[in-house]
Amino acid sequence: MTRYKTLIPAIIVSLVLGFFVGVEFQINQDSRGGLKELIDRDSGQSETVDFSLFWDSWNLVHERYVGRSELDTQEMVFGAIEGMIKSIGDPYTVFLREEQSKRLREDISGEFAGVGIEIGLRKEVLTVIAPLKDTPADRAGIIAGDKILKIDGESTDGINLEEAVSKIRGRRGTKVVLTISRNKDGEEIKDFEITRDKIKVPTVKWEKKDPDIGYVQLFSFNQIAKEEFDKAIIELKKQGAGKKLILDLRNNPGGLLELAVDVSSYFLEPGQVVVIEDFGNGKRDELKAKSNGQLKEAKVVILINKGSASASEIVAGALHDNKGVKLIGEKTFGKGSVQQVEELRFKTALKITVAKWLTPKGRSISDEGIEPDIKIERTEEDVKNDLDPQLDKAIEVIRGL
């Protein structure tokens, strides 16, 4: 069984044989390779859970349903697992069928097909965490915080993240229409027709802003983030711009936990706490900075906004709590939980929330998000006119450090 940890919000289970705790299944396969019958050999053994209702329903469908000869019992098992997981009420804990599991692996590798947005559920509403830079969604005008009411005319009410990803993605060159609500009152509703394309997730952009001020924009915490961040810092140091640094985490929806620790380690002393894992049972683990510290003497400010999520929030929280680094912009998305992916048989998987993240000072990222020290909004008009008051403020602040 393969395990890996990820902090990806969307985008975008051994559970089939151990479907319920304390229940053992005998499985017979038909010629199509699907399940023909399931027999609960230990029925009634559990003292706390009564599964008789499940089996009563299962048997009634097989005995009386008009199309019972064509029932796909493997599909029924998958559907039952999906219903069980959905009842938990956590949008980030999901059962992944083969295609969904494949897409998750593509997301982590940094290359996939679609329109280029990271999505999440905010108060049960499908919401854009961030458009990825220079993707079809970004060029179409999708912005962080947009609420997706419909996909190709179908309501997103009650949809889960994996279903939404499946509907938004498609073959390269085909179109998808997203119905977006943008303002707080929900009165501004607009359709965006977007042509799908192959998406290569950008990682890092850097430049020198002043003779001694470096600017690094980190777009995602994918598998190549550390390598690309290394290159950026080396180039900036060569240009004499490595002592004052603006780290731009706006519209960065996150990625891999290990990369969040790696990036934080540039700025911290080895052993300083980057983030605390709270498993909800009294157990807490501290993830600490590694032996790096290349930029621990550098003056730093960080840009954040409502499109900054998960790994971005970890880095912002770690540098703020440990070093008092100024955060400039808007409150972050608040996606502070870790999902562990268990790969299962039938090429399926379970992405399950196993812990919540706390900043080094114990603040819950999921519950509170990360608040900026200097709050400045960048409006839609600012973007259209190529104005960036948040970055302007960051330059002003770091010049004074």
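This report walks through strand β18 and its surroundings in a predicted model.

Let's start with the strand itself. β18 covers residues 299-304 and is mostly covered, with five of its six residues buried.

**The sheet around β18**

β18 belongs to an open sheet of six strands with mixed pairing, arranged in the order β13-β14-β15-β18-β19-β22. The edges are held by β13 (204-210) and β22 (374-375); each has a single partner strand, so one side of each is left without a neighbour in the sheet.

In that order, β18 sits between β15 and β19. The strand β15 (residues 244-248) runs parallel to β18 and is joined to it by five bridges. Here L247 has I302 of β18 as its bridge partner, while I246 stands opposite V301 in β18. On the β19 side, four bridges link β18 to β19 (residues 326-329), and these two strands also run parallel. One of the pairs there is L303 with its bridge partner I328 in β19. As a general reminder, strands of a sheet pair through backbone hydrogen bonds, either parallel or antiparallel.

**Helices lying across the sheet**

How do β18 and β19 connect, and with which handedness? Together with helix α8, they make a right-handed β-α-β unit. Two helices that lie across β18 are set out below, with their angles to this strand.

| Helix | Residues | Strands it lies across | Angle to β18 |
|---|---|---|---|
| α8 | 311-323 | β15, β18 and β19 | about 140° |
| α11 | 389-399 | β13, β14, β15, β18, β19 and β22 | about 165° |

So much for the helices; β14, one of the strands that α11 lies across, spans residues 213-218.

Conventions: Residues are numbered from 1 along each chain as its sequence is written. This is a predicted model: local features need pLDDT of at least 70, side-chain atom pairs count only at pLDDT 80 or more; totals for chains, interfaces and linings use all residues. Side-chain values use heavy atoms; hydrogens and water are left out. Buried means under 20% relative accessible area, exposed over 50%, partly exposed in between (1.4 Å probe, protein chains only). Two strands pair if DSSP finds at least two bridges between them. A crossover is right-handed if, with the strands pointing away from the viewer, the path from the first strand over the helix to the second runs clockwise. Contact means heavy atoms within 4.5 Å. Axes are lines fitted to C-alpha atoms, for helices over the stretch in contact, and angles run from 0 to 180 degrees between N-to-C directions.
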